[in-house]
Amino acid sequence: MAGIRIVDIDIYHPSNKVGNEFYIEHFDARGVDIRGLLKALGRDQRYKIDNEDENSLSMAFEAASNVLEKAELTGADIDLIAYASQTPEYIFPTNSLMIHRLINGASHTICIDSNANCAGMTAAFEQVSRQMLGNPRIRRALIIGSDYVAPHANPDDPVYFANFGDAAAAVIVEREEQSIGFIDSIYQTDTCVYGNSLFPAEGLAKLGKTGVDAGAFHVKFTPFDDSICVDAASESIRTLLARNEIAPSEIKAACFSQLSIANIRAVSANIGIADEIAVYIGDEFGYTSTSSPFIALHRAIASGQIERGDKVLFWTVGAGWQNVAMIVEY
């Protein structure tokens, strides 16, 4: 039987690094102490775009170029491009088409954009893998995740303004006989907080009729206890492991959503995975939303934490919210 294996992965981030002190001073001036928030979420620094030439699309292209070069492939070798972002630079044409143009893709290449919010790249990886298993004409796929939240963050909102970083990840997967690669996935959806993060705040239709005022493209965020996803995530992961007869001890790296280190530790403890197995990059990168689990995977590979044949567990949650968990054999 054929499987969908990871060929290679690479990332891109801007060179500009911003520490917590900038954001602490920013909110101190507004009479808001965010020190406890930054500590609870596990922040230290983040990479931030500081010029007019970079955005989510340009970062996606850089990550894609990096992984193609690393894998010694060209755009013509790719049969499907999937681009995941909750902050795409363009609504249409699809950003994946633009990536196709930039990497000189082949004429037969399938190009799709995907948006499952912060769960987007994980969901795209899972959906592309299943599509490839059912379509032998797709041999290789390029999956990219990239978000640039800063232009849409209200300067008075500590969560969106102070916690996000800018980065992209790109992974190439390949259909290969007698390999395993993608193993299984599970979704759990609960729309109890679907209105707590809205972007654009008033919807596109209204903007089209009334024009864009200052702040109209900010995220409208209503704070809530994000730990509500922990129990559901733990239940999903336990179900996923059990139905594939995989013990927690077999997981060599857990690449989870990097929004909150407390949630990572809570889910890990609930399912019996040690803290050192759960890769944390949110202290260096900030929260890069859709790409964050794959930046964690990149770290796990680069550090030697995982080798070929090791099992990797992914978990992420999107605004609204929807948990996505997935197991792959690297």
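In this predicted model, the side chain of arginine 308 is placed over the face of tyrosine 330, at 4.0 Å from the ring centre. This contact between a charged residue and a ring opens a survey of the aromatic residues, after which the strands and the surface are considered.

A pair of aromatic rings is described by the distance of the centres and the angle of the planes. The structure contains nine aromatic pairs. One of them is formed by tyrosine 23 and phenylalanine 161, whose rings meet edge-to-face, 5.8 Å centre to centre and with 75° between the planes. Tyrosine 23 belongs to helix α1 (residues 20-28) and phenylalanine 161 to helix α6 (residues 158-163), so this pair ties together parts that are 138 residues apart in sequence. Tyrosine 23 and phenylalanine 161 are both buried. These two residues are also members of a cluster, in which ring pairs link Phe22, Tyr23, Phe27 and Phe161.

A further pair consists of phenylalanine 164 and tyrosine 287. Their ring centres are 5.2 Å apart and their planes stand at 55°; the pair is therefore tilted, since planes over 60 degrees apart would count as edge-to-face and those under 30 as stacked. Distant parts of the chain are linked here as well: phenylalanine 164 is in the loop between α6 and β7 (167-177), while tyrosine 287 is in the loop between α10 (282-285) and α11 (292-302), 123 residues apart. Phenylalanine 164 and tyrosine 287 are each buried.

The loop that holds phenylalanine 164 runs between α6 and β7, and attention now turns to that strand. Strand β7 is mostly covered, with nine of its eleven residues buried. Strand β1 (residues 2-12) runs antiparallel to β7 and is joined to it by ten bridges. Strand β6 (residues 140-147) is likewise antiparallel to β7, and eight bridges connect the two. Alanine 168 of β7 illustrates both pairings: alanine 168 is the bridge partner of tyrosine 12, and serine 146 stands opposite alanine 168.

The surface completes this account. Ile91, Phe92, Phe199, Leu204 and Phe217 make a nonpolar surface patch of about 540 Å². Among these residues, phenylalanine 217 is located in the loop between α7 (204-210) and β10 (220-221). Is phenylalanine 217 buried, partly exposed or exposed? Its relative accessible area is 31%, and phenylalanine 217 is therefore partly exposed, as this class covers values between the 20% limit for buried residues and the 50% limit for exposed ones.

Note on methods. Residues numbered from 1 in each chain as written. Predicted model: local features only at pLDDT ≥ 70, side-chain atom pairs only at ≥ 80, totals over all residues. Heavy atoms only, no water. Patch = residues over 30% accessible without salt bridge, like charges linked within 9 Å, V, L, I, M, F, W, Y side chains within 5 Å. Areas by Shrake-Rupley, 256 points an atom, 1.4 Å probe, with all protein chains shown as cover. Salt bridge = Lys/Arg side-chain N within 4 Å of Asp/Glu carboxyl O. Helix = DSSP H or I, 4+ residues; strand = E, 2+ residues; numbered from the N terminus. Buried < 20%, exposed > 50% of the residue type's maximum accessible area, 1.4 Å probe, protein only. Phe/Tyr/Trp six-rings, centres within 6.5 Å; stacked < 30°, edge-to-face > 60°. Lys NZ or Arg CZ within 6 Å of the ring centre and 35° of its normal. Pairing = 2+ DSSP bridges.
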